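Visitor: I would like a close look at one part of this model, with the cut-offs spelled out as you go.

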Amino acid sequence: MGNDKSSAVGLGVEAKPAVRRKPINRQQLLLRPVEVEKLIEEGHPVRAIWELVGWLNLEPFYADIEAVEGVAGRPVWDPQLLISLWIYAYKDGVSSAREIARLCEYHPAYQWLTGLEVVNYHTLADFRIHHQEALDRLFTDVLGVLSHEGLITLERVMQDGTKVNACASAKSFRRKKTLQDHLRLAREQVQQMGDPKSEELSQRVAKARQRALREKRQRLEGAVKELEQIEESRSKGSKDRNKQVRVSTTDPEARVMMQAKGAYGPSYNVQISTDARAKIIVGVGVSQSTDAGELEPAVERVEANLGDKPQQMVVDAGYTTQDTIEAMAQDQIDLIGALPERGNSRWDPLKRCGKSPEFYPQAFTYDVSTNGYRCPGGKVLLYEGEERKGGWLHRRYRARASDCQVCSFQTQCCPGTRRGRSLVRREQTPALAAFEAKMQTTEARQIYKQRAGVAEFPNAWIKDKIGLRQFRLRGLFKVTMEALWACLTYNICQWIRLCWRPQRLVQA
Ligand code: SF4
C-alpha cells in the first residue's frame, strides 16, 4: 500500500519511484574462457613452492612409479605436483587429503597447480606417508638450498620439544585385562564373519563392516603388544613397577604427556632443532617420552642432514641431565642450558613432605673424614648407595634412625618417617662442574636468554599457522611423517620470505 501512487497522491504525499535493482538470473548457462596462468598473481607463494620443488632432485620419488612411456597403463600424477599440493596446503593450515581434493575444484591456487584437474584424495593420502626416505632426502635438499643462501651456519642450534595431541581420546586408554577382553571379542567377531556374498546387506556395506572389524582387531593386538613392551621396559626397582599400565585402543603408540598449561593428554613429543642464524629447522624427530635423553638423537639427526655437528647447542632444563652434559662434552659440543631447579617450584617434593627450608640439602655439609654429610643437628649421614634416575647419578646418604628419633628438629627435618633422614646428592663429575661454572658467566646467560625467541618460534608457527595442534594420523611412523611435512613447509616458507623473488622481477 505504501508504494500505491494513487493513495499517496490522495494523501498529498509525493510518490517515490520504485528502486531499480539488477536482477539475478540463476537459470542461465555460461561458458567462460579460463586462462590458467592468470588465475594467480605473479608473486603468489604457490609459484615459489612449484619453482623450488622443481629445482630439487625428485628421483627418489620416481623410483617406485611403474607407469613408463611405451607401455600400456595410466600415467601417474607428477610427484612435483603432489609435493607442491601438500606443501601449499600445509602452508594454509590444511592437513586433510579430502579437503585438498575439494580445494582443487574451485580454489585458484590449487587450480593453477593442477591445471584445473582434481586429484583424488586417496592418491594424496597415500603419497603423504608412502615415501619416507624420499621425503627425508627432500628435507635435506631444501636444507642444502638454505645453506647455500647462507641461512644455516650450525654455529648455534637451539633444541626444543613441543607436545602435539595424538589422534586419540583420553577415554580410549584401557588396562591390560580390559584390552584382552575386547581383543577376545573382536577375534570372535572376525571368526564369525560370513562370506560377504551371502550377506543380506549390499556387498559394499558387508565388506566395509568386515574391514572395520579386522582393523579393530589389529589395533587391539597392537595395543596389547605395546602395553607388554611398556611393562617390560619398567626397571625392576622402579616405583612405577606396580602401577597399572594403560594404552590407547585408538593409537597404542601415543603416550599421556603433560601439555603446556599443565593439562595431561595423549600426545607425541615433537623434537625440533633450530639454527639460530635465520630460525631454520635443521632436524626434526618425534618421541614418546620427555625431553630428557632427546639431545643426543637430535645432534645425530642434524649431522645426518647437514654432514656436520652443531658447534653449540642451547637447551632448557628439560634436557640437561648428567648423561647429556657428559655426552656433549665428549662430542666437544658447547652446551648452554639451565639446570633443573630444585626447591623453588610449587611441585617441590621437599616442601610437599613437610621439610622446613632450614633443613633442605644446602644446610648439610660434606664431611671428608666419614665420607658423609653433617646435618644441622650435628649428626653424620653415612653413604648408603647410588642410583641412576632420569639421566642423573645420585648418591644417597642416611642418618641413624636412633639419632633422628630423639632429635628436637625431627618435625622440621624428617616428619612422618621412622627411618633416619636421607639426603640425595648428584655426583659431581668434571664435565658437570665445568658446565655449572660456565653457566655462571654473563656470556652464557646472555646466550641462554635468546633460547626462547629462537627455539619456540618454529613451534609456535607450526601450531598456529600450519595448524599442527593435533595429528591427523596414528602411530609413531605416520605422525613422524606428518611432523616432517610440517617442518619442510616451515623451511620453504622461510625460503620464500627471505630469498624468493618472482621470475618476472628477477628478469627485470
Ligand atoms: S632429624 Fe636427624 S638429620 Fe635432622 S637434624 Fe635431627 S639428627 Fe640431624
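Which residues are linked with Asp160 in a network of salt bridges?

Guide: This is a predicted model, in which local features need pLDDT of at least 70 and side-chain atom pairs count only at pLDDT 80 or more, while totals for chains, interfaces and linings use all residues. Residues are numbered from 1 along each chain as its sequence is written, and side-chain values use heavy atoms, with hydrogens and water left out.

The network of salt bridges links Asp160 with Arg451 and Glu456, where a salt bridge is a side-chain nitrogen of Lys or Arg within 4 Å of a carboxyl oxygen of Asp or Glu. Within this network, the side chains of Arg451 and Asp160 meet in a salt bridge with an N to O distance of 3.8 Å. Arg451 belongs to helix H18 (residues 451-464) and Asp160 to strand E1 (residues 157-165), so the pair ties together parts that lie 291 residues apart in sequence; helices (H or I, at least four residues) and strands (E, at least two) are DSSP runs, numbered from the N terminus.

As for solvent exposure, Arg451 is buried, with a relative accessible area of 7%, and Asp160 also counts as buried, at 5% relative accessibility. Here buried means under 20% relative accessible area, exposed means over 50%, and partly exposed is in between, computed with a 1.4 Å probe on the protein chains only.

To place this pair in context, the structure holds 20 salt bridges, and two others may be set beside it. The side chains of Glu386 and Arg395 meet in a salt bridge at 3.5 Å, N to O; Glu386 is partly exposed at 45% relative accessibility, and Arg395 is likewise partly exposed, at 25%. Glu35, in turn, forms a salt bridge with Lys38, with the closest N and O atoms 3.7 Å apart, and Lys38 counts as exposed, its relative accessibility being 61%.

Charged residues also appear around the ligand, where the surrounding residues are Cys375, Gly377, Lys379, Cys404, Cys407, Cys413, Cys414 and Arg421, a residue being near a molecule if one of its heavy atoms lies within 4 Å of it. This shell divides into five nonpolar, one polar and two charged residues, with Ala, Val, Leu, Ile, Met, Phe, Trp, Tyr, Cys and Pro counted as nonpolar, Asp, Glu, Lys and Arg as charged, and the others, Gly among them, as polar.
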